[in-house]
Amino acid sequence: MSGFNYEKDADGIVTVTMDMAGPVNSMSPKFSPLFKETIAKLEAEAGLTGVVFASAKKTFFAGGDLNSLLATTADQTEAFFNTLQDMKADMRRLEKLPVPVVSAINGAALGGGFEICLSTNYRIAYNHKSVQIGLPEVSLGLLPGGGGVVRMVNLLGLQNALPFLLEGKKVTPEKALEAGMIHELVDSVDELEPRAKAYLVEQKGNEAAAVQPWDTKGFRIPGGNANSPKLAQVLMGAPAMLAQKTRGLLPAPEQILDCAVEAARLDFDTAMTIESRGLAYLAITPQAKNLITTFFFQMNKVNGGASRPKDIEPQKTKKVGVLGAGMMGQGIAFSSAMVGIEVILKDISVEAAEKGKAYSEKLLDKRISRGRMTEEKKAEVLALIKPTADDADLQGCDLIIEAVFENIELKNKITQSTEKYLCEGGVWGSNTSSLPISLLSEAASKPENFIGIHFFSPVDKMPLVELICGDKTSDLALAKAFDYTKQIRKTPIVVNDSLAFFTSRTFATYIDEGVRMTTEGAYPVRIDNLGKAIGMPVGPLNVHDETSQELTRKATETWEAMGVKNTWGEQDAVDEMLAFMIGENNRGGRHHGGGYYEYGADRSKTIWPSLVEKYYQPDFDISDADIKDRLLFRQVIESLKCLQTGVLRTVADGNIGSIMGIGAPIWTGGFLQFVNTYGLEKFQTRCGELAAEYGERFECPQIVADKIAAGETFQ
Ligand code: NAD
């Protein structure tokens, strides 16, 4: 049987080794017939004493077929449901074989992969951190529809199963054993199959070993069924807690909770049917399409190097110079040293540089206190960071990243005074958040080696880096910056030069629109709440208080000096607001004496009364729907403009960048993907309505009409 190897030994044990065509085993259309045929053969096998399910691939089994899931349309719901039911009936046949079945888990068993394991009687895993176990479907807008919800609830009890189902937690074999998801560990892959067979030999004559717990007489779900008084109480609060987390924007967790409760209430087979209905429903939701597209396919593309120049050898960074040991520089130093890169951390005085290094020490101590790091490793990391005030220490760096104040003259000056210390072919990166890279690179003797490496704050936590190519940036410099970003375990997106690049520029429209509606007379807290209601992490005014009005003022001043102010977008609302907030009231943000909100020493936060007094108009008439769309569409339109003008080079970079760098709502799959499932024509129409009512900034970018004419979407 091509795809599944079937081998019976002298003890009557059959080993089924899954070895499907392609790099992984998965639930592709080829899986069902293979599985069905195998089960039928096992049922008919004379003298069978046990079965081992194993894998010939590096991973045990990769799970569902996301390509088919993505392609499933509403009119195929019933057919999809039937396919699921059919596959689950086969899994049920497997667990009802009269002999014990063991899964020998040699590599990752996630989603559908772990669901196969759950339909075997005994699970043994190779104890290695590469072997991840779990049901991460929720993160793709789906639910484990191959029996995962129902079996996990029956296995662990409702309360213990929920975190795995609702959060899609992936765990190591040790943790899976602790949680009761698997039964046994072995220390090497080679021991797996022999141990599985030995177990089966041990169980000879033990009929109970062939019966799943939920099929034994008198079985009770651990922790009780959904009607038990203790659980009933938990369940009363659960939907509200979930709604608080998802803000009602993600249907998958709600379906999972529903289905898990049903599994703890109804008989096994009925619950299975409900589970299939749940997945069939979710598979066609726009949210699932968005999450699968962006978090699986596009994330793989981005991390796989789709935006990295081809044909350039891997560029490993060995010694990095970090100029400026402030908030950003200290984080860049930490992230670099953590992966073994030698760091020269330079500031204007040794004391300032040492202060920057102390930041790493603080982060490392935190890890030690949580048992996640040893003292030796801490010493190793710290030894890699050399604080200094002497440029000459930069000698031989293959990469220098500057993170000094946002000031062109200063940045130009340090480029000229330190680039000579770079080794042959070394690359210069600027962490500027808003200054054009082409302009900054004019100060360099080799502008082709100059690139923007834009980190996000706090650097040690934020997973994204935006790489900005200036007019002259070479492919080699881009490859170097790209590989460095991967080396420090972050995700690189690549964009072309533009004022504030892609992320900061798009993010600025969110703040601008929030400020604009405030000046028009909407109640500020309402605007912030509706920002959260669309799924942004915080409201626009709130976030402006954090990033600070002061920073906006400085950036505006810089642009004014450069003569580029007001060459892009409408900024008059923000200008007016800055004049009122900073000019008249000296309120430059949360850490600059307060902002739109007042921040009490007792951590209280209330709207600043003078803001309301100045702008709020109780009779200003605007619907919640319009406020929400204005906040979302501004950012989507700006992203489309970035794509249209080549600031964004790929759709994948735009989606990943908007989610990881701007905080775009997860359910959208990113600001460009949003348009695909909203519908391009519908999007055009809504833009037209918003433009007519609120101004030309809402006019739909031409690229949408072009895509419609070409019959394409944003891919
Ligand atoms: P910061 O004020 O915390 O740190 C700047 C550091 O540069 C200070 O320690 C200062 O002493 C040092 N410095 C000044 N002149 C120097 C010189 N000649 N040589 C060496 N060091 C010098 O600033 P920050 O928030 O870390 O920002 C640094 C850069 O990163 C800016 O360009 C900023 O726009 C950019 N950025 C900031 C953020 C953020 O959220 N803070 C995000 C992305 C990018």
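Which residues does Gly514 touch, not counting residues up to four places away in sequence? In this predicted model, Gly514 touches Ile527, Pro540, Leu541 and Leu631.

**Two buried residues of helix H19**

Gly514 is found in helix H19. Gly514 is buried, and its relative accessible area is 0%. The chain also brings a distant residue into view here. Gly514 and Ile627 are 113 residues apart along the chain, yet 8.7 Å separates their C-alpha atoms.

Thr506 is found in helix H19 too, and that helix covers residues 503–520. Thr506 is buried, again with a relative accessible area of 0%. Leaving aside neighbours within four places in sequence, Thr506 is in contact with Gln635, Glu638, Ser639, Cys642, Ile662 and Phe671.

**Helices H25 and H29**

Two packed helices are described by the angle between their axes and the distance between the axes. Take helix H25 (residues 624–644) and helix H29 (residues 702–710). Their axes come within 8 Å and cross at roughly 70°. H25 and H29 are therefore roughly perpendicular to each other. On the H25 side, Leu640, Leu643 and Gln644 make the contact. On the H29 side, Gln702, Ile703 and Val704 do so.

**Aromatic pairs**

A pair of aromatic rings is described by the distance of the centres and the angle of the planes. The whole structure holds 18 aromatic pairs. The table gives two of them.

| Pair | Centre to centre | Angle between planes | Arrangement |
|---|---|---|---|
| Phe35 and Phe53 | 6.3 Å | 70° | edge-to-face |
| Phe674 and Phe683 | 6.5 Å | 80° | edge-to-face |

What does the pair of Phe35 and Phe53 tie together? Phe35 lies in helix H1 (residues 31–44) and Phe53 in strand E3 (residues 50–55), so the pair joins parts that are 18 residues apart in sequence. Phe35 and Phe53 are both buried. Both Phe674 and Phe683 are buried as well.

Phe35 and Phe53 also belong to a cluster. Ring pairs link them with Phe4, Phe31 and Phe61.

**Charges over rings**

Rings have charged partners here too. Lys41 lies over the face of Tyr6, at 3.9 Å from the ring centre. The charged end of Lys169 sits over the ring of Phe164, 5.0 Å from the centre of that ring.

**Nonpolar cores**

In soluble globular proteins, nonpolar side chains tend to be buried together. In this model, the largest nonpolar core has 95 residues. Which residues have the most contacts inside it? They are Phe53 and Met152.

Phe53 has a long list of contacts, leaving aside neighbours within four places in sequence. Among them are Val16, Met18, Phe35, Leu42 and Phe60. Leu94, Val101, Val102, Ser103, Ala104 and Ile116 are in contact with Phe53 too. Apart from the largest core lies another core, of 85 residues. Its members include Val302, Leu541, Val647 and Val675. Leu541 has already appeared, as one of the residues that Gly514 touches.

**Helix H5**

Met152 lies in helix H5, where Met152 is buried. How many of the nine residues of helix H5 (residues 148–156) are buried? Nine of the nine are, so helix H5 is largely enclosed by the rest of the structure. The buried residues include Arg151 and Asn154, along with Gly148, Val149, Val150, Val153, Leu155 and Leu156. Gly157 follows H5, and its phi is positive, near 90°.

Note on methods: Residues are numbered from 1 along each chain as its sequence is written. Side-chain values use heavy atoms; hydrogens and water are left out. Rings of Phe, Tyr and Trp (its six-membered ring) pair if their centres lie within 6.5 Å; planes under 30 degrees apart count as stacked, over 60 as edge-to-face and the rest as tilted. Helices (H or I, at least four residues) and strands (E, at least two) are DSSP runs, numbered from the N terminus. Buried means under 20% relative accessible area, exposed over 50%, partly exposed in between (1.4 Å probe, protein chains only). A charge sits over a ring if NZ of Lys or CZ of Arg is within 6 Å of the ring centre and within 35 degrees of the ring normal. A nonpolar core is a set of buried Ala, Val, Leu, Ile, Met, Phe, Trp, Tyr and Cys residues joined through side-chain atoms within 4.5 Å. Contact means heavy atoms within 4.5 Å. Axes are lines fitted to C-alpha atoms, for helices over the stretch in contact, and angles run from 0 to 180 degrees between N-to-C directions. Angles under 35 degrees count as roughly parallel, over 145 as roughly antiparallel, 65 to 115 as roughly perpendicular and the rest as oblique.
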